[in-house]
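Please open the model in your viewer and keep the selection tool at hand. The tour below goes from one selection to the next and says what you can find at each stop.

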Amino acid sequence: MPTTSSRMLTLLSLLQSRRDWPGGVLAERLDVSTRTVRRDVDRLRDLGYRIATVKGPDGGYRLDAGADLPPLLFDDDQAVALTVALQVATTAGAGIGDDALRALGTLRQVMPTRLRHRIDALSVEAVRPPGSSDDADPAVLVAVGAAVRAREVLRFDYGADAERRRAEPHHVVTWRGRWYLVAFDLDRDDWRTFRVDRIAPRTPNGPRFTPRELPGGDVATYLTGVFRGSADGVGWPCTGEVVVGLPLAEVLPYVGDGVAVALDEGRTRLTVGSWSWVGVVAAVLRYDAEIEVVGPDALREAFARVGERCGRAGCGTPGRSIGT
């Protein structure tokens with residue numbers, strides 16, 4: 001028979017795993033009587049856990065939130081997942097790096113040896129890309145997230161000029177280490193994406209609003225379209241196809257979200273997109289190889305323009321738009 005302490009820990013773990021538990025089901029899981037379950041629940045309450053009694057034909061219990069953070073129980077997989085998440089949180093751009101490291105140290109200290117070995121073998125070096133030093137203030141993230149959840153108009157100053165804005169906040173998202181607010185701008189009557197590190201919320205929030213349908217149908221499609229400059233929110237505005245005089249193995253490391261298919265041992269068909277046709281040219285020229293343009297004609301014209309500019313640059317001849 002398990003001891004009272006171990007049984008109470010098992011009970012607490014069950015209560016944390018879902019919202020409501022019928023008393024009879026808990027008794028069956030713990031292999032005890034419902035009276036013993038009641039006594040164990042009372043002991044947990046004495047330790048500070050807020051456990052509500054659920055009324056109804058079956059009766060039951062619910063673990064409610066309290067004023068203080070009580071001790072928590074995690075199974076092995078949850079502990080590993082939480083540890084990995086804390087390691088990469090230092091690069092989340094949310095200004096929580098130090099807190100994440102402190103939480104990681106606290107969690108590791110109480111881990112059993114078997115889990116500590118697993119975590120040490122899965123040590124993650126989280127590296128932030130260059131130029132991503134603008135962290136969002138955690139307090140601002142909380143304030144903006146609360147407005148999203150409450151569906152309340154957000155009033156805020158934006159940017160270095162502290163321009164006053166009013167927007168219906170729909171989503172707080174992270175994209176490549178930076179946090180953004182996707183919102184409907186009421187003054188411009190259109191959807192906008194705001195950097196959270198440039199937002200200074202004003203209080204109080206405005207009135208509640210009815211959520212609008214996001215262009216593209218979901219936030220991932222919309223945000224992809226914003227950063228690609230694409231009207232349909234899926235593909236690039238400009239997509240071209242070329243044959244590169246390199247084997248597939250030398251093309252794949254740099255293909256990004258393009259598509260590369262081997263034609264033979266020394267040639268690869270490459271489909272690549274960008275914001276402009278000149279951008280497609282730049283993406284292809286990185287390979288420093290012979291190129292055959294498959295299409296469209298706009299890509300051939302872009303190669304011709306870029307070729308002329310490169311020729312002038314190589315000869316030291318200034319272009320028409322550059323003064324002598």
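Turn to the second largest pocket, whose lining comprises 8 nonpolar, 4 polar and 2 charged residues when the residues are sorted by class. Keep in mind throughout that this is a predicted model.

**First stop: the pocket**

Select Asp-257, Val-272, Gly-273, Ala-283 and Arg-286, which lie nearest the centre of the second largest pocket, and which belong to a lining of 14 residues. Two elements, the strand β11 (267-274) and the helix α10 (277-285), each give two or more residues to that lining, and the largest share, 4 residues, comes from β11. The volume of this pocket is about 180 Å³.

**Second stop: helix α3**

Now select residues 34-46, which form helix α3, and look at its two ends: the end C-alpha atoms are 19 Å apart, which agrees with the 18 Å that 13 residues should span at 1.5 Å a residue. Next, colour Thr-36, Val-37, Asp-40, Val-41 and Leu-44, the buried residues of this helix. If you look down the axis of α3, these buried residues fall within an arc of 140 degrees, so they line one face of the helix. The background to this is that an α-helix has 3.6 residues a turn, so residues three or four places apart point the same way. What do the buried residues of α3 pack against? Show α1 (4-17), α2 (23-30), β2 (50-54) and β3 (60-64), since these are the elements that the buried residues of α3 pack against. On the other side of α3 you will find Arg-35 and Asp-46, which are exposed. Before leaving, step to Gly-48, just after α3, where phi is positive, at about 105 degrees.

**Third stop: helix α7**

Select residues 138-150, which make up helix α7, where the 13 residues should span 18 Å at 1.5 Å a residue, and where the end C-alpha atoms are indeed 18 Å apart. Which residues of α7 are buried? They are Val-140, Leu-141, Val-144, Ala-147 and Val-148. Around the axis they cover an arc of only 130 degrees, which puts them on the same side of α7. Add β4 (154-158), β5 (163-175), β6 (178-185) and β8 (199-202) to the view, and you have the elements that the buried residues of α7 pack against. Finally, rotate to the face of α7 turned away from its buried side, which carries the exposed residues Ala-139, Val-142 and Arg-149.

Conventions
Residues numbered from 1 in each chain as written. Predicted model: local features only at pLDDT ≥ 70, side-chain atom pairs only at ≥ 80, totals over all residues. Heavy atoms only, no water. 1 Å grid on protein atoms, 1.4 Å probe; cavity = no way out; pocket = protein on both sides within 12 Å on 5 of 7 lines; lining within 4 Å. Points joined across faces, edges and corners; volume = space filled by probe spheres on them. Nonpolar A, V, L, I, M, F, W, Y, C, P; charged D, E, K, R; others polar. Expected span 1.5 Å × (residues − 1). Buried < 20%, exposed > 50% of the residue type's maximum accessible area, 1.4 Å probe, protein only. Arc of directions from axis to C-beta. Contact = heavy atoms within 4.5 Å.
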